[in-house]
Amino acid sequence: MQAKGVIRFFLVVMVLVTLIQFLMTIPTRNVEKKADAYAEAASRNVEAERRNAVYKEARTKYLDSISSKTILSIPLLKNYTYQELKGSQLALGLDLKGGMNVTMEVSIPDLLRSLSNNTPDPDFNRALALANERHKVSQEDYITLFGKAFNEVASNSRLASPAIFGYTLKEKGVTNQSTNEEVITILRTEANNAIDQSFNVLRTRIDKFGVTQPNIQQLGTSGRILIELPGVKEPDRVRKLLQGTAYRDWE
């Protein structure tokens with residue numbers, strides 16, 4: 001009888017945990033539906049080749065704006081922001097099933113250096129350094145921070161100059177007449193494409209692992225990609241394979 005009581009106790013606990021987890025997904029799903037609607041409206045009248053990128057950027061912008069706002073209040077207990085609820089859901093999923101999580105990042109500063117062909121231009125490198133410092137405490141995406149930093153430090157230089165992006169991004173539409181804002185728009189597209197490519201490469205490789213219900217998502221506009229793999233038995237091997245794949249495709 002005592003054994004049956006223990007079993008019933010654990011069954012009740014599991015049911016309660018599952019119910020709580022389900023209930024806590026409702027506010028985040030509501031926020032994500034609003035983000036989808038916002039992104040759909042923002043991209044509705046955009047030309048077809050840019051629609052997907054505009055949709056993703058608008059959706060991410062909406063979620064970033066709401067991430068620190070309370071979306072669930074439990075009287076006498078706690079107020080939960082979207083970011084806290086989303087994080088607790090992911091953590092709980094791994095706690096119940098076991099497994100591993102990896103956060104990988106596309107280095108936007110390295111991407112900009114590569115796109116500039118590692119230019120020694122002092123204004124470009126000062127802007128990178130300033131953007132790096134501000135990125136540590138800012139909620140803005142790196143490309144925006146870099147654009148603002150360049151406008152501050154570059155008194156007699158332009159991003160479209162041959163010494164920076166004028167030559168290397170010529171095929172992307174940069175001309176001698178391109179403004180800094182126009183070049184920044186192209187850089188943002190290139191950064192989004194790099195993140196999307198890395199995301200797709202990682203997702204394809206994860207599918208080959210045969211993991212049940214993997215979770216892979218981009219974290220806002222940071223260039224970071226969160227990967228959660230429930231039930232993985234060889235995390236070190238999987239981590240090396242993911243890192244190796246991402247590195248080869250980046251190069």
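This report describes the confidence of a predicted model, the packing of helix α6 against two other helices, and two loop residues.

## Model and confidence

The structure is a predicted model, in which local features need pLDDT of at least 70, side-chain atom pairs count only at pLDDT 80 or more, and totals for chains, interfaces and linings use all residues. Residues are numbered from 1 along each chain as its sequence is written, and side-chain values use heavy atoms, with hydrogens and water left out.

The protein chain has an average pLDDT (the predictor's confidence in each residue, from 0 to 100) of 78, and 74% of the residues score at least 70. In residues 246-251 the pLDDT falls below 50; this stretch has 10 contacts (heavy atoms within 4.5 Å) in the model beyond near neighbours in sequence.

## Packing of α5 and α6

Helices (H or I, at least four residues) and strands (E, at least two) are DSSP runs, numbered from the N terminus. Helix α5 covers residues 122-135 and helix α6 residues 142-153; their axes come within 8 Å and cross at roughly 130°. Axes are lines fitted to C-alpha atoms, for helices over the stretch in contact, and angles run from 0 to 180 degrees between N-to-C directions. The pair is therefore oblique; angles under 35 degrees count as roughly parallel, over 145 as roughly antiparallel, 65 to 115 as roughly perpendicular and the rest as oblique.

The crossing of α5 past α6 is right-handed, the near helix being turned clockwise from the far one by less than a right angle. Residues of α5 in the contact include Phe124, Leu128 and Arg134, while those of α6 include Leu145, Phe150 and Glu152. By class, the contact of α5 with α6 holds 11 nonpolar (Ala, Val, Leu, Ile, Met, Phe, Trp, Tyr, Cys and Pro), four charged (Asp, Glu, Lys and Arg) and two polar residues (the others, Gly among them).

## Packing of α4 and α6

The axes of α4 and α6 lie 10 Å apart at an angle of about 60°, and these helices are therefore also oblique to each other. α4 passes α6 in a right-handed crossing. Ile108, Pro109 and Leu112 of α4 meet Tyr142, Ile143 and Phe146 of α6. This contact of α4 with α6 has six nonpolar residues, with no polar and no charged ones.

## Loop between α4 and α5

Most residues other than glycine have a negative phi. In the loop between α4 (108-115) and α5, Asn117 has a positive phi near 60°. Asn118, in the loop between α4 and α5, has a positive phi of about 55°.

Asn117 counts as exposed (over 50% relative accessible area; buried is under 20%, partly exposed in between; 1.4 Å probe, protein chains only) because its relative accessibility is 59%. Asn118 is exposed, with a relative accessible area of 56%.
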